[in-house]
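Let's take a walk through this structure together, starting with the whole chain and ending with a few single residues. Keep the viewer open as you read.

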Amino acid sequence: EIFIETKTAIYIGLLINELATNSIKYGFSADRSAEFRIDMRCDNDSGQCFLTISNNGVPFPVDVDLNNPNTLGLRLVTTLVNQLEGTIEVQREPFPVFAIQFPL
């Protein structure tokens, strides 16, 4: 069980929704079944939470810079991560994995 503030839960829900929506729109073809994984754990000793969102879609494009996104959806993602006072990293291949770390 993880207990977090309501405001934090809202940001997390919006992050998950946006990343899932983007992957459905851009990461899958009609012949591929979409699979998503969400993992979250919080470490009370370090005061940090770790949220991992991944899918089995195509690799995340190398020309997309999460630090300077060109799309409204990815700007929303970076804004939400900033609201959490967190960081985001992406594993681009073989499939997208978004690792978000933020304080409790």
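The paragraphs below go from the overall fold to three chosen positions.

A word before we begin: what you see is a predicted model. The protein chain holds two helices and four strands, and if you trace it along the sequence you meet them in the order α-β-β-α-β-β.

How does the overall size fit the chain length? A compact globule of 104 residues would be expected to have a radius of gyration near 13 Å, and the 14 Å found for the protein chain agrees with that. Should you want a box to picture, the C-alpha trace spans about 40 × 30 × 20 Å along its principal axes.

Next, let's look at how the chain packs. Of the contacts with a separation of 6 or more, 59% are between residues 24 or more positions apart. Buried residues account for 34% of the 104 residues in the chain. On the outside, the chain exposes about 6,800 Å², and 50% of this area comes from carbon and sulfur atoms. For those who think in electrostatics, there are 7 positive and 13 negative side chains, and the centres of these two sets lie 6 Å apart.

Now we can zoom in. Find strand β2, which covers residues 48-55, and pick out Ser-54 in it. Is Ser-54 buried or exposed? Its relative accessible area is 11%, and because buried means under 20%, Ser-54 counts as buried. Beyond its neighbours within four places in sequence, Ser-54 is in contact with two stretches of the chain: Glu-35, Phe-36 and Arg-37, and then Phe-95, Pro-96 and Val-97. Strand β1 spans 36-43 and strand β4 spans 97-103, so you can use these ranges to place the contact partners on screen.

Two loop residues give a contrasting view. Asn-44 sits in the loop between β1 and β2. With a relative accessibility of 66%, Asn-44 is exposed, because the cut-off for that label is over 50%. Although Asn-44 and Pro-103 are 59 residues apart along the chain, their C-alpha atoms are separated by 9.7 Å.

Glu-93 belongs to another loop, the one linking β3 (87-91) and β4. Its relative accessibility of 56% makes Glu-93 exposed as well. Here too you can look for a partner from elsewhere in the sequence: Asn-56 is 37 residues away along the chain, and the C-alpha atoms of Glu-93 and Asn-56 are 10.0 Å apart.

Key. Residues are numbered from 1 along each chain as its sequence is written. This is a predicted model: local features need pLDDT of at least 70, side-chain atom pairs count only at pLDDT 80 or more; totals for chains, interfaces and linings use all residues. Side-chain values use heavy atoms; hydrogens and water are left out. The radius of gyration is taken over C-alpha atoms; the globule rule is 2.2 Å times the number of residues to the power 0.38. Buried means under 20% relative accessible area, exposed over 50%, partly exposed in between (1.4 Å probe, protein chains only). Contact means heavy atoms within 4.5 Å. Accessible areas come from the Shrake-Rupley method with a 1.4 Å probe; for residues, only the protein chains shown count as cover. Lys and Arg count as positive and Asp and Glu as negative; His and the chain ends are not counted. The place of a charge is taken as NZ of Lys, CZ of Arg, CG of Asp or CD of Glu.
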